[in-house]
Amino acid sequence: MTDPERIESYTNDLAKALAPVATTDRDEIIREIRAHLEQRADEGRLTEALEGLGSPQACARAFRQELALQDAFDDGSPVRTFRALLANAARNVIASVGLFVTGLFMLIAIGLAFTAFVEIVSPQTTGLWVNAEHSLILFGTLDEGRGDGFTEILGFWYVPLALLAAVILFVVGQKSARLCLGLMIRRNRKQHLR
């Protein structure tokens, strides 16, 4: 089989494997892979390039995953971003780290928002607390009995400050998740066309 025939056979099989993908995306992927294979054929490295891409089905699966990541990145919604990281965390270190960091920021943000609500409902148990020696500072909610020896220093100002901190942490968490998605997308593209 000649190089052009091998390229045609591979791209035809790839097009079939990419059938669920939107036509414009599928056509772009096929053009990209064809150009890559033709370049490698000109260099005398077509077999190496085909081995690097894997089977057409494996290549299509990788492109579908990349398109799902790109969709989540483009959408920008925290839910889609978090879901994309979660779906890839088991097989991708960047997704695992992104999921951990994002989850940590989001949990702290939720905790701060919750304590701001508790400050409204039960102001005597929530706030920024400092002990008599000013050597220990606590924030959040304390049981009334455990608050002995501590003085609350923010009062009702705890509510806007906690909510502001929650919003900032939420935004930082979302930015870190999007950064991880972007890194995963770039890494996947480099791997496709080695």
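**Overall dimensions.** I looked up the radius of gyration of the protein chain first and found 26 Å, where a compact globule of 194 residues would have one near 16 Å. I note here that the model is a predicted one. I then took the extent of the C-alpha trace along its principal axes, which comes to about 85 × 30 × 20 Å.

**Secondary structure.** I counted seven helices and three strands in the protein chain. I read their order along the sequence as α-α-α-α-α-α-β-β-β-α.

**Burial, contacts and surface.** I find that 37% of the 194 residues count as buried. For contacts with a separation of 6 or more, I get 61% between residues 24 or more positions apart. I have the accessible surface at about 11,500 Å², with 62% of that belonging to carbon and sulfur atoms.

**Charges.** I counted 20 positive and 23 negative side chains. I place the centres of the two sets 5 Å apart.

**Helix α4.** I checked the span of α4, residues 56–75. Its 20 residues reach 28 Å from the first C-alpha to the last, and I compared this with the 28 Å expected at 1.5 Å a residue; the two are close. I listed the buried positions in α4 as Pro 56, Cys 59, Ala 60, Phe 63, Glu 66, Leu 69, Gln 70 and Ala 72. I also looked just past the end of α4, where Gly 76 takes a positive phi of about 75°.

**Gly 44.** I located Gly 44 in the loop between α2 (23–42) and α3 (46–53). Is Gly 44 buried or exposed? I record Gly 44 as exposed, because its relative accessible area is 67% and the cut-off for exposed is over 50%. I also took the C-alpha separation from Gly 44 to Asp 3, which is 9.5 Å for two residues 41 apart along the chain.

**Phe 105 and Leu 169.** I treated these two together, since each appears in the contact list of the other.

I found Phe 105 in helix α6, and Leu 169 in helix α7, residues 158–192. I class Phe 105 as partly exposed because its relative accessibility is 24%, which falls between the 20% and 50% limits. Leu 169 has a relative accessible area of 19% and therefore counts as buried, the limit being under 20%.

Setting aside neighbours within four places in sequence, I list Leu 169, Val 172, Gly 173 and Ser 176 as the contacts of Phe 105. On the same terms, Leu 169 is in contact with Phe 105, Ile 108, Ala 109 and Leu 112.

I then took two C-alpha distances. Phe 105 and Val 171 are 66 residues apart in sequence and 8.8 Å apart in space. Leu 169 and Leu 107 are 62 residues apart along the chain and 9.2 Å apart in space.

**Glu 119.** I placed Glu 119 in helix α6, which runs over residues 93–121. Why does Glu 119 count as buried? Its relative accessible area is 2%, and buried means under 20%. With neighbours within four places in sequence left out, I have Glu 119 in contact with Thr 126, Gly 127, Gly 155, Phe 156, Tyr 158 and Val 159. Of these, Thr 126 and Gly 127 belong to strand β1, residues 126–131, while Tyr 158 and Val 159 fall in helix α7, residues 158–192.

**Ser 135.** I found Ser 135 in the loop between β1 (126–131) and β2 (137–141). I count Ser 135 as exposed because its relative accessibility is 57%. How far apart in space are Ser 135 and Ile 29? I get 61 Å from C-alpha to C-alpha, with their positions 106 residues apart in sequence. I put Ile 29 in helix α2, residues 23–42.

How values were computed: Residues are numbered from 1 along each chain as its sequence is written. This is a predicted model: local features need pLDDT of at least 70, side-chain atom pairs count only at pLDDT 80 or more; totals for chains, interfaces and linings use all residues. Side-chain values use heavy atoms; hydrogens and water are left out. Helices (H or I, at least four residues) and strands (E, at least two) are DSSP runs, numbered from the N terminus. Buried means under 20% relative accessible area, exposed over 50%, partly exposed in between (1.4 Å probe, protein chains only). Contact means heavy atoms within 4.5 Å. The radius of gyration is taken over C-alpha atoms; the globule rule is 2.2 Å times the number of residues to the power 0.38. Accessible areas come from the Shrake-Rupley method with a 1.4 Å probe; for residues, only the protein chains shown count as cover. Lys and Arg count as positive and Asp and Glu as negative; His and the chain ends are not counted. The place of a charge is taken as NZ of Lys, CZ of Arg, CG of Asp or CD of Glu. The expected span of a helix is 1.5 Å times one less than its number of residues.
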